[in-house]
Amino acid sequence: MTLLRNLLKLSLLSSLLLPAVYAEGAETGSRPVQVKIGTILASNESDQFDARLKPMERQLKVMKYRSYRLLKEDSQAVPWNDNATFEIPGGRSLAISPQDTKDKQIALKVRLAEGTKPLLDTTVRLQNQGYFLLGGPPHEGGALVISISAFAQ
Amino acid sequence: MSNCETTRETIGAWLDGELAAAQAEATSRHLEVCAACREERHWLERLHSSMRSVLEANGSEIQFEPFWQGVQRRVAQKRNWYDELGDRIRGTFSAPRLAWAIPAVIVIVLAGLSIDSFFPSAKIGIQSDNLATVESIDAYGRNVALLHEGETNTTVIWLYQPQESENDSSTEPSETKPSF
């Protein structure tokens, strides 16, 4: 009976402690968001596909360009409701501000500008570690496609 | 443990003659000098004596034969499969096993839910849906297209910007337009 009582106590203790441990691991509100930008040149001037883009090949080919080349990658830890600016080829800049997180989704406020001229303002809610593509700005005979991903711990 | 406590624990066995010689001798010596333990001994002797007299008076009336027949019948009887299954289920879900099973299940479930949080690069937890939601969009008067491609879970925001705005423009404007 003593063993049974001890086991039941262990069971109860685990039930109480483990959710607390999980809650600690799942906390997302305080640490900065790791924002990663990949600038890709999409064009029809060749059939080359940059091997570094292999993990997102299917997603990129949705846009039906023949060639995709990674021009640059950049990553910054951005505090919540703060702002980080990424340089984009062609004198452009991309300002990203993590807004909030809900249901494992991160809301990012994104502003694309050319010099001081704003081109696009958008707020996108994406899955933690997910990404979306922002394309269109012309560059070197093709178009820039920017992959924007965010990871909140 | 005091001598009285030791004696009282062994006094029943002493009365039944079950103690080793040295221990029986020690108990006897203590009983000679300790009135309280002697009283305990007399109480036990009276109890033994009462039980013996009751058994002697009524033991002959107990019907052992039908009892043994019932025991033999149940031993020989082939049990139904559902009775055995019921016993197995009761054994599986008996309290001591459940006591281990409950925390084990909690640990497994929480590990599955939190593995992405603790090991983000492992990619072995619950895979998330990559589809993003565009909550607002303003292209300052320019044309913009929004594509949600379900097969690859891709979200694309496409800004239609005239080729002429590019300084090093040397190609046809149509090249900046994707054919989704």
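## Two crossing helices in chain B

Helix 1 of chain B and helix 2 of chain B cross in a left-handed way. Helix 1 covers residues 3-15 and helix 2 covers residues 21-33, and their axes come within 10 Å and cross at roughly 115°. To follow the contact on the helix 1 side, look for B:Asn3, B:Thr7, B:Thr10, B:Ile11 and B:Trp14. Helix 2 answers with B:Gln23, B:Ala24, B:Thr27, B:His30 and B:Leu31. By type, the residues of this contact split into 4 nonpolar and 6 polar, with no charged ones.

Please keep in mind, as you explore, that this is a predicted model.

## The two chains at a glance

Chain A contains 2 helices and 8 strands. Along its sequence they appear in the pattern α-β-α-β-β-β-β-β-β-β. Chain A has 153 residues, of which 35% count as buried. Of its contacts between residues at least 6 apart in sequence, 47% link residues at least 24 apart.

Chain B has 6 helices and 3 strands. Its pattern reads α-α-α-α-α-α-β-β-β along the sequence. Buried residues account for 9% of its 180 residues. Here, 27% of the contacts between residues at least 6 apart in sequence join residues at least 24 apart.

## A sheet built from both chains

Next, find the open sheet of 6 strands, whose order is 2(A)-1(A)-8(A)-7(A)-3(B)-2(B) and whose pairing is mixed. Its edges are strand 2 of chain A, residues 67-78, and strand 2 of chain B, residues 143-149; each of them pairs on one side only. On average, neighbouring strands in this sheet are turned by 20° against each other, direction ignored.

At the chain A edge, strand 1 (residues 33-43) and strand 2 of chain A run antiparallel and are joined by 11 bridges. One place to see this pairing is A:Ile40, which stands opposite A:Leu70 in strand 2 of chain A.

## A hairpin and its partner from chain B

Strand 5 of chain A (residues 105-114) and strand 6 of chain A (residues 117-127) also run antiparallel, with 10 bridges between them. A:Gln105 is placed opposite A:Gln127 in strand 6 of chain A. The two strands form a hairpin with 2 residues between them, and in the turn A:Gly115 has a positive phi of about 65°.

Strand 6 of chain A has a partner in the other chain too: it pairs with strand 1 of chain B (residues 133-138) in the antiparallel sense, over 5 bridges. Across this pairing, A:Val124 stands opposite B:Val134.

## The nonpolar core

In soluble globular proteins, nonpolar side chains tend to be buried together. In this model, the largest nonpolar core has 40 residues, and A:Val145 and A:Ile148 have the most contacts inside it. The elements giving two or more residues to this core are strands 1, 3 (84-88), 4 (92-102), 5, 6, 7 and 8 (142-152) of chain A, along with strand 3 (154-160) of chain B. Strand 8 of chain A gives the largest share, 7 residues.

A:Val145 is a good residue to click on. Setting aside neighbours within four places in sequence, A:Val145 is in contact with A:Ile40, A:Ala42, A:Leu60, A:Met63, A:Leu133 and A:Gly135.

## Three residues to visit

A:His139 belongs to strand 7 of chain A, which covers residues 131-139. A:His139 counts as buried because it has 24 C-beta neighbours inside 10 Å. The C-alpha atoms of A:His139 and A:Ser43 are separated by 9.0 Å, although the two residues are 96 residues apart along the chain.

A:Glu140 lies in the loop between strand 7 and strand 8 of chain A. A:Glu140 is not a glycine, yet it has a positive phi of about 45°. It has 18 other C-beta atoms within 10 Å, so it is partly exposed. A:Asn81 sits in the loop between strand 2 and strand 3 of chain A. A:Asn81, likewise a residue other than glycine, has a positive phi, near 65°. With 10 C-beta neighbours inside 10 Å, A:Asn81 counts as exposed.

Key: Residues numbered from 1 in each chain as written. Chains lettered and ligands numbered in written order. Predicted model: local features only at pLDDT ≥ 70, side-chain atom pairs only at ≥ 80, totals over all residues. Pairing = 2+ DSSP bridges. Helix = DSSP H or I, 4+ residues; strand = E, 2+ residues; numbered from the N terminus. Axes fitted to C-alpha atoms, helices over the stretch in contact; angles between N-to-C directions. Buried ≥ 20, exposed ≤ 12 C-beta atoms within 10 Å, placed from the backbone. Contact = placed C-beta atoms within 7 Å. Left-handed = near helix turned anticlockwise from the far one by under 90°. Nonpolar A, V, L, I, M, F, W, Y, C, P; charged D, E, K, R; others polar. Core = buried A, V, L, I, M, F, W, Y, C linked by C-beta atoms within 7 Å.
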